[in-house]
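Visitor: I'd like a close look at one part of this model, please. Could you pick a spot where two helices pack together and walk me through it, with some context around it?

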Amino acid sequence: MIGLLLAIQAGIRWQDSDLWYALPLIVAISLVYAATRHERMRAILLHAGHTALWILGFMAAIFVLLILVSWFQ
Amino acid sequence: MGSIVPESQPAASEEVVVLKDPALAAFLAWLIPGLGHWYQGRRPKAVLYFLCILGTFLLGVYLGGDRQVGWGRTVYFSWRDNDDRLAYLCQIGVGVPAWPALLQANRMANHEKFFAHGFMAPPRLPNTVLPEYPNADQPPTLSELHLKLNRFFELGTAFTMIGGLLNILAIYDAWGGPVTYRPKKEEKPEKDEETPSGTTDKGRTKS
């Protein structure tokens, strides 16, 4: 919970963050990866959405972990 | 022709992928992202690969340069002492868009001036002077590029490397088709196992 609050607090400064550069990468990587596994556009988009959410979730987990580590430092 | 096409008429749920000449398609896919798929008639995927891969690469080219030091300074070929540009091994995966770096490296080796204001030109080695340039207008060294571009040098390098690596996935897709695709010949004999959706694998609705 503390980590979540800190993450929200840190989120205020996200407009200045380099994390925004990850967004085009996540979109491109998800779409290309999905396109190598399906032929139809609908299946590609569904798979890409799932992959993008997985990457974002992984990044969020690492983000909260780092905030917790910095909190207890 | 080395295409993978099912011999018999496929069911409605199956996807037919006509690869035409896979080797030629793979080569075209390397030259320009999506070109191999365009040749195969897989137009939507061709557009998707073109936009995603080339967009990522060009964004990296944009981030890794400015008017002062020149554009595209994160994409360069160098195999000199203390400056082995291993990142280019990934960047060349994007094909023709990374070729100017080879031309610029060749010009540097021949002591000729760079074209296009040093676009994708290799940096000058420290403590060296390029005789083809006046002293006040020497090209930047790698340290100067890092200093002037700051974190954008690394960002541009990462974007262009990822663009090149993504195109390797696209090249494989042009050569062999989607990873989950199974040619008709290799399919095992059908069994009457039930699928989660309540249909059999023969396409009949379970009663």
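Guide: Sure, and keep in mind that this is a predicted model. Let's start with how far to trust the chain we'll spend our time on. Chain B has an average pLDDT of 84, and 80% of the residues reach at least 70. There are weak patches, though: residues 5-13 of chain B have pLDDT below 50, and the model gives this stretch nine contacts beyond near neighbours in sequence. Residues 192-207 of chain B also stay under 50, with 15 contacts beyond four places in sequence. For the model as a whole, ipTM is 0.81 and pTM is 0.81.

Now the layout. Chain B is built from seven helices and two strands, and reading from the N terminus the order is α-α-α-β-β-α-α-α-α. Out of 207 residues in chain B, 37% count as buried. If you take the contacts in chain B with a separation of 6 or more, 53% of them link residues 24 or more positions apart.

The part to zoom in on is helix 1 of chain B, residues 22-31, where it packs on helix 7 of chain B, residues 151-176. The two axes are 7 Å apart and the angle is about 160 degrees. Since angles over 145 degrees count as roughly antiparallel, that is the label for helix 1 of chain B relative to helix 7 of chain B. The crossing of this pair is right-handed.

Which residues do the touching? From helix 1 of chain B you get Pro22(B), Ala25(B), Ala26(B), Ala29(B) and Trp30(B). Facing them in helix 7 of chain B are Asn167(B), Ala170(B), Ile171(B), Ala174(B), Trp175(B) and Gly176(B). Sorted by class, this contact has nine nonpolar residues, two polar ones and no charged ones.

Burial adds to that picture. In helix 1 of chain B, the buried residues are Ala25(B), Leu28(B), Ala29(B) and Trp30(B). These buried residues pack against helix 7 of chain B and also against helix 2 of chain B, residues 35-39.

Helix 7 of chain B has another job in the layout: along with helix 3 of chain B (43-63), it is one of the elements that give two or more residues to the side touching chain A. In that interface, 22 residues of chain B are in contact with 16 residues of chain A. Helix 3 of chain B supplies the largest share of chain B's side, nine residues. That side divides into 15 nonpolar, three polar and four charged residues.

If you'd like another helix pair to hold beside ours, look in chain A. Helix 2 of chain A (residues 22-35) and helix 3 of chain A (residues 41-71) cross at roughly 135 degrees, with axes that come within 8 Å. That angle makes helix 2 of chain A and helix 3 of chain A oblique to each other. Their crossing is right-handed. Among the residues in that contact are Ile26(A) and Tyr33(A) from helix 2 of chain A, and His47(A) and Leu56(A) from helix 3 of chain A. By class, the contact comes to 11 nonpolar, three polar and no charged residues.

Definitions and conventions:
Residues numbered from 1 in each chain as written. Chains lettered and ligands numbered in written order. Predicted model: local features only at pLDDT ≥ 70, side-chain atom pairs only at ≥ 80, totals over all residues. Axes fitted to C-alpha atoms, helices over the stretch in contact; angles between N-to-C directions. Helix = DSSP H or I, 4+ residues; strand = E, 2+ residues; numbered from the N terminus. Parallel < 35°, antiparallel > 145°, perpendicular 65-115°, else oblique. Left-handed = near helix turned anticlockwise from the far one by under 90°. Contact = placed C-beta atoms within 7 Å. Nonpolar A, V, L, I, M, F, W, Y, C, P; charged D, E, K, R; others polar. pLDDT = per-residue confidence, 0-100. Buried ≥ 20, exposed ≤ 12 C-beta atoms within 10 Å, placed from the backbone.
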